[in-house]
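Biologist: Before we go through this model, I would like each label justified. Tell me what each term requires, then show that the value meets it.

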Amino acid sequence: MVELKTDTSIDAMHAAGQVLGRTLTAVRQAADVGVSLLELDEVARGVLREAGASSPFLGYRPSFAPVPFPAVICASVNDAIVHGIPTGYRLRDGDLVSIDCGAELDGWASDSAISFVVGEPRPADVRLIETAERALAAGIEAAVVGNRTGDIAHAIGTVCRDAGYGVPQGFGGHGIGRRMHEDPSVPNEGRPGRGFPLRHGMALAIEPMLIASGRDGYHEAPDGWTLRTNDGSRAAHVEHTVAITDDGPRILSAR
Ligand code: MG
Ligand code: MG
């Protein structure tokens, strides 16, 4: 069931999104060569705690997961696409890092992700991340009343495929509100004019995932969480929580 939010509820989600934006900015600033993924998780925990927010990631256990998620960020490095568990791994020069994080404030959730390179970036990684951000912008632009979820999916998929990148199937965006994952699902590829009709008061997490090689294959790592590309090529993942309004899309997790 798709829940429509009141304008007051959207404002409350925006407050959660502002905390989340600050959290991701702090993690981005702390990320550097030699810094561990667990240290980045600590940075995020600190910002959430200080804001009086909780983490919808910590202890989260969807049906596919063998263990509850043990952290407040997902940290996915290089060939990891999403759902990376923060470990003691220390970032190396040129690593491509995707950080996904959530914040819950006054009972409302927000979900957002960034990709970036620590140290000296390879041109190929810069292009991959820029394309991910362009795909996200295209998806947000299509998140308007009168469109359907398929229009968002089509906008994202077109940007990714036109640039020659792979799009992992089976994971993508989702409705969001009091819970982090609500209906409807928002795939990263699809047919325009199909899917759920977009209405004022819907809130969606839109989150393109791109694989550099152009192939779509991925697998679950032995930890039961991390999704890695099958061919070892690098991946990027960016995400915003967005409200559909009569005045156009409103980004609730801006940084
Ligand atoms: Mg997320
Ligand atoms: Mg999400």
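Modeller: Two strands count as paired if DSSP finds at least two bridges between them. The model is predicted, and in it Ile-206 has His-240 of β12 as its bridge partner.

Biologist: What makes β7 and β12 a pair, and in which sense do they run?

Modeller: The requirement is at least two bridges. Strand β7 (residues 203–206) and β12 have four bridges, in the antiparallel sense, so they qualify as a pair.

Biologist: Why are β6 and β13 called edge strands?

Modeller: The sheet is open and has five strands, in the order β6-β5-β7-β12-β13, with antiparallel pairing. Strands β6 (182–186) and β13 (250–251) each pair on one side only. As for what lies across the sheet's strands, α4 crosses β6 and β7, at about 40° to β6.

Biologist: How do you know which atoms are protein donors of the magnesium ion (ligand 1)?

Modeller: A donor N, O or S atom has to be within 2.8 Å of this metal. Asp-100 (OD) is listed twice, along with Asp-111 (OD) and Glu-239 (OE), at 2.0 to 2.5 Å. Those distances are within the cut-off, so these atoms are donors. Along the chain the donors follow the spacing D-x10-D-x127-E.

Biologist: Which residue coordinates both magnesium ions, ligand 1 and ligand 2?

Modeller: Asp-111 does, and the two ions are 3.2 Å apart. Asp-111 is in strand β4 (residues 108–117), while Glu-239 is in the loop between β11 (235–237) and β12 (240–243), 128 residues apart.

Biologist: Are Asp-111 and Glu-239 buried or exposed, and how do you know?

Modeller: Buried means under 20% relative accessible area. Asp-111 has 2%, so it is buried. Glu-239 has 0%, so the term applies there too.

Biologist: Why is the pair Phe-57 and Phe-69 called edge-to-face?

Modeller: Ring centres must lie within 6.5 Å, and planes over 60 degrees apart count as edge-to-face. For Phe-57 and Phe-69 the values are 6.5 Å centre to centre and 85° between the planes, so both conditions are met. Both residues are buried.

Biologist: What are the values for Phe-64 and Phe-171?

Modeller: Their centres are 6.2 Å apart and their planes meet at 90°, which is again edge-to-face. Phe-64 lies in the loop between α2 and β1, and Phe-171 in the loop between α4 (149–162) and β5 (173–175), so this pair ties together parts 107 residues apart in sequence.

Biologist: Why is Phe-64 called partly exposed?

Modeller: Partly exposed falls between the 20% and 50% limits. Phe-64 is at 34% relative accessibility, so the label fits. Phe-171, at 25%, is partly exposed as well.

How values were computed: Residues are numbered from 1 along each chain as its sequence is written. Chains are lettered from A and ligands numbered from 1 in the order in which they are written. This is a predicted model: local features need pLDDT of at least 70, side-chain atom pairs count only at pLDDT 80 or more; totals for chains, interfaces and linings use all residues. Side-chain values use heavy atoms; hydrogens and water are left out. Helices (H or I, at least four residues) and strands (E, at least two) are DSSP runs, numbered from the N terminus. Buried means under 20% relative accessible area, exposed over 50%, partly exposed in between (1.4 Å probe, protein chains only). Rings of Phe, Tyr and Trp (its six-membered ring) pair if their centres lie within 6.5 Å; planes under 30 degrees apart count as stacked, over 60 as edge-to-face and the rest as tilted. Contact means heavy atoms within 4.5 Å. Axes are lines fitted to C-alpha atoms, for helices over the stretch in contact, and angles run from 0 to 180 degrees between N-to-C directions.
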